[in-house]
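User: Hello! I have a protein model open on my screen and would like to talk it through. Could you help me read it?

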Amino acid sequence: MFAEGELEWHSNESGTLTFTPGVALLGGEGMTESATGFLTTPDYYESVSNAFRSELDEMILIHRFTPGKINPGLRMEQDEVMHANMCPVDDIEIPIVMRSPGGITGLHYSINTIHSIKGMTLEESESVFKEINKGLFVDDYIYDHWYKGNNDLCLFD
């Protein structure tokens, strides 16, 4: 699905309200000693101040697909697969705070499809996104699954 090189952070079906709440990855041959990283947004959500958590609870994100943002260098056919999977409809409105089927509250936040925050200007939205990114994309909230062998199966919710 992805081109060669570095893959940016993404969230499956990020611009879809009825997203799949889990990921199953099967590492094929040659995956040994490589990793897939996951953000543990529930831990971040619990770490922020009550005031900011209240803001997050009310926040609605507007999503748009931007070609090449997830994995620069995709062929047009690959980009269309990403478009259909990530954000098939532009300007979809989705709450940033979600509860998983298992009852865990965290963020449904994809830096690749978020465009703005409902009721805010682009400049205001970017300011909030920068604050979230600064606190979220740190080692404390990243889990790296290191593939140990061919056909290693990773399940993550």
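Here are some questions and answers about the fold, the rings, the cysteines and a few single residues.

User: Glad to start. What kind of model is this, and how are the residues numbered?

Analyst: This is a predicted model, in which local features need pLDDT of at least 70, side-chain atom pairs count only at pLDDT 80 or more, and totals for chains, interfaces and linings use all residues. Side-chain values use heavy atoms, with hydrogens and water left out, and residues are numbered from 1 along each chain as its sequence is written.

User: How many helices and strands are there, and in which pattern do they follow along the sequence?

Analyst: Helices (H or I, at least four residues) and strands (E, at least two) are DSSP runs, numbered from the N terminus. The protein chain has four helices and nine strands. Read along the sequence, their pattern is β-β-α-α-β-α-β-β-β-β-α-β-β.

User: What radius of gyration does the protein chain have, and what would a compact globule have?

Analyst: The radius of gyration is taken over C-alpha atoms, and the globule rule is 2.2 Å times the number of residues to the power 0.38. The C-alpha trace spans about 45 × 35 × 25 Å along its principal axes. For 157 residues a compact globule would be near 15 Å, which agrees with the chain's 16 Å.

User: What share of the contacts joins residues 24 or more positions apart?

Analyst: A contact here means heavy atoms within 4.5 Å. Among contacts in the protein chain with a separation of 6 or more, the share from residues 24 or more positions apart is 79%.

User: What percentage of the residues is buried?

Analyst: Buried means under 20% relative accessible area, exposed over 50%, and partly exposed in between (1.4 Å probe, protein chains only). Of the 157 residues in the protein chain, the buried ones make up 36%.

User: How many disulfides does the structure hold, and are Cys87 and Cys154 buried or exposed?

Analyst: A disulfide is a covalent bond between the sulfur atoms of two cysteines. The criterion used here is a pair of cysteine sulfur atoms within 2.5 Å. Cys87 is buried at a relative accessible area of 0%, and Cys154 is buried at 5%. The number of disulfides is zero.

User: On to the rings: how are Phe38 and Tyr143 arranged, stacked or edge-to-face?

Analyst: Rings of Phe, Tyr and Trp (its six-membered ring) pair if their centres lie within 6.5 Å; planes under 30 degrees apart count as stacked, over 60 as edge-to-face and the rest as tilted. The whole structure has five aromatic pairs. In one of them, Phe38 and Tyr143 have ring centres 6.3 Å apart and planes at 25 degrees, so this pair is stacked.

User: Where in the chain do Phe38 and Tyr143 sit, and which aromatic cluster do they belong to?

Analyst: Phe38 is in strand β2 (residues 35–39) and Tyr143 in strand β8 (residues 142–146), 105 residues apart. Phe38 counts as buried at 9% relative accessibility, whereas Tyr143 is partly exposed at 37%. Their aromatic cluster is Phe38, Tyr143 and Phe156.

User: Which residue lies over the face of Tyr45?

Analyst: A charge sits over a ring if NZ of Lys or CZ of Arg is within 6 Å of the ring centre and within 35 degrees of the ring normal. At 5.6 Å from the ring centre of Tyr45, the residue over its face is Arg53.

User: What is the phi of Glu33, and what is the phi of Asp91?

Analyst: Most residues other than glycine have a negative phi. Glu33, in the loop between β1 (23–27) and β2, is exposed at 65% relative accessibility. Asp91, in the loop between α3 (76–86) and β4 (92–95), is partly exposed at 39%. Their positive phi values are about 75 degrees for Glu33 and near 65 degrees for Asp91.

User: Which residues does Ser125 touch, not counting those up to four places away in sequence?

Analyst: Ser125 belongs to helix α4 and is buried, with 0% relative accessibility. Its C-alpha atom is separated by 9.2 Å from that of Leu61, 64 residues apart along the chain. Leaving out residues up to four places away in sequence, Ser125 touches Ser116, Ile117 and Met120.

User: Finally, which residues does Asp90 touch, with the same neighbours in sequence left out?

Analyst: Asp90 lies in the loop between α3 and β4 and is partly exposed at 41%. Not counting residues up to four places away in sequence, Asp90 touches His63, Arg64 and Phe65.
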